[in-house]
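Visitor: Hi, I'd like to talk through a structure with you. Can you put it up?

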Amino acid sequence: MSSSDLPVAAQHKALDWLATLVAVVRDDGQVCFANAALEDALGISRRAIVGSYFPSYFVLPEQMRRVLVGASSSDFSALRLDAQLLRVARDPLPVQVIVALTDDQGILVELLPLEQQTRQDREERLAEQAMANKELIRNLAHEIKNPLGGIRGAAQLLELEIVSPELKEYTQVIIGEADRLQSLVDRLLAPHRKAHVVGDVNIHEVCERVRALILAEFPKGLKVVQDYDTSLPEFRGDAEQLIQTVLNIAHNACQALAERISQGDALLTFRTRVARQITFGKQRYRLALELHVIDNGPGVPAAIKDRIFYPLVSGREGGSGLGLTLAQTFIQQHQGLIECDSGPGRTDFKILIPLP
C-alpha cells in the first residue's frame, strides 16, 4: 500500500464496526481498505488484502472484474449479485455482493454472507415473535386474572353455605384449579413485573449455583461437567435472571434425560467460551459470552423444534411451556439471544451475551 492510500483507509475506518464484509476498491481492482469482518471471513490479514487484486478472491474473478468496471464507468449507481468468496482452507462462502460508488469515486463493495442473511432473518422473526408473545401474554393474563378472582371468591362463599362434605369436594376443586391458574398467570407476568437489577456478574458463579440446585434434585444417575474458560471477564447483568435462565434450560434438560438418569449415564455439560467478532441481532460485537448447556438426551421433538421458545409449548406431558419463554425474555433483556441445536443424543442450548 502506498502512502497515498493511507487517508482512504483512515476515512473508512468506521467500516470496521459493520457486521457485513466490506472493501473499498479502485477501478483497477486494487483493494484500498478491508474491514475486520472481511479479514476474518477470508482468513487473511488486512495487510495482505490491502493492495491485492480484489476479483482474485472470488470463484469467478472475471464476473467481479466486469462489475467493478461497470461501477467505475457509472453504468449503474448500485448493483446486487450473488457470488462465491474464496477462503483459506475452507469451502467458498456464498455471498450477496452490493457494489456502489463512493463520494470520492472509490468503489464500495459490501458482501453479505447468505447464511448470515438467513440467520439475521431468523433472529428478526424471533425478536418480532417475542414482542408479539409478550404483548399477547400480558393482555391475556390480565383478562384471565380479574374473572379468576371472582370465581375463586364465589366458590369460597358457596362452600360456607354447603353442609355436605361430598359437595364441598366440588368447591375445593374449583378453588384449587383457580389457584393453579392464578399461579400460571403470575408466572406469565413475572418477567414484566420485576425490575431489571444490574450488577457485576461472574457467569461461573451463576453456573455453579445452578449446578448445585440440579444435583440436589437429581443426586443419582446424572453427571454435571464443568467446561469453563476462566479468562471470561465479569459483565454487567441481572444475576438472578441469569440463574433462572440457566436453571430453566438445565431443568428442562434433566427432565428430558429421565431415562438416561434411571440408567445412570445422563450427562449435562456447562461450557463457557469467549466468542470474538461475532454478529447477532444485526450487530457485530468484538467480544461475547458464549454459554452452552448440553445434554445427551433424546433431543427436542421435531414437531416443536421451531416453536420451543413460544409460550405454552412443551415437549412433555404436564409441562407449562413457560421455562424457555422466560429464559429467552431474560436473555433479550441482556441484549443477547438463545439458540438451540438439537438431535438424537445431543441438545445444545447456546446463550450469547455481549461483553464490554
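Visitor: At what angle do the axes of helix 7 and helix 8 cross?
Guide: Roughly 40°, and the axes come within 9 Å. This is a predicted model, where local features need pLDDT of at least 70, side-chain atom pairs count only at pLDDT 80 or more, and totals for chains, interfaces and linings use all residues. Residues are numbered from 1 along each chain as its sequence is written, and side-chain values use heavy atoms, with hydrogens and water left out. Axes are lines fitted to C-alpha atoms, for helices over the stretch in contact, with angles from 0 to 180 degrees between N-to-C directions. Helices (H or I, at least four residues) and strands (E, at least two) are DSSP runs, numbered from the N terminus.

Visitor: Which residues of helix 7 meet helix 8?
Guide: Val206, Arg209, Val210, Leu213, Ile214 and Glu217. Among their partners in helix 8 are Leu242, Val246 and Ala250. Contact here means heavy atoms within 4.5 Å.

Visitor: New topic: how many residues of helix 10 are buried?
Guide: Nine of its ten, including Phe330 and Ile331. Buried means under 20% relative accessible area, exposed over 50%, partly exposed in between (1.4 Å probe, protein chains only).

Visitor: And which residues touch the most other members of the largest nonpolar core?
Guide: Ile214, Leu222, Leu268 and Phe270, out of 40 residues. Such a core is a set of buried Ala, Val, Leu, Ile, Met, Phe, Trp, Tyr and Cys residues joined through side-chain atoms within 4.5 Å.

Visitor: Which helix gives the largest share of this core?
Guide: Helix 8, with eight residues.
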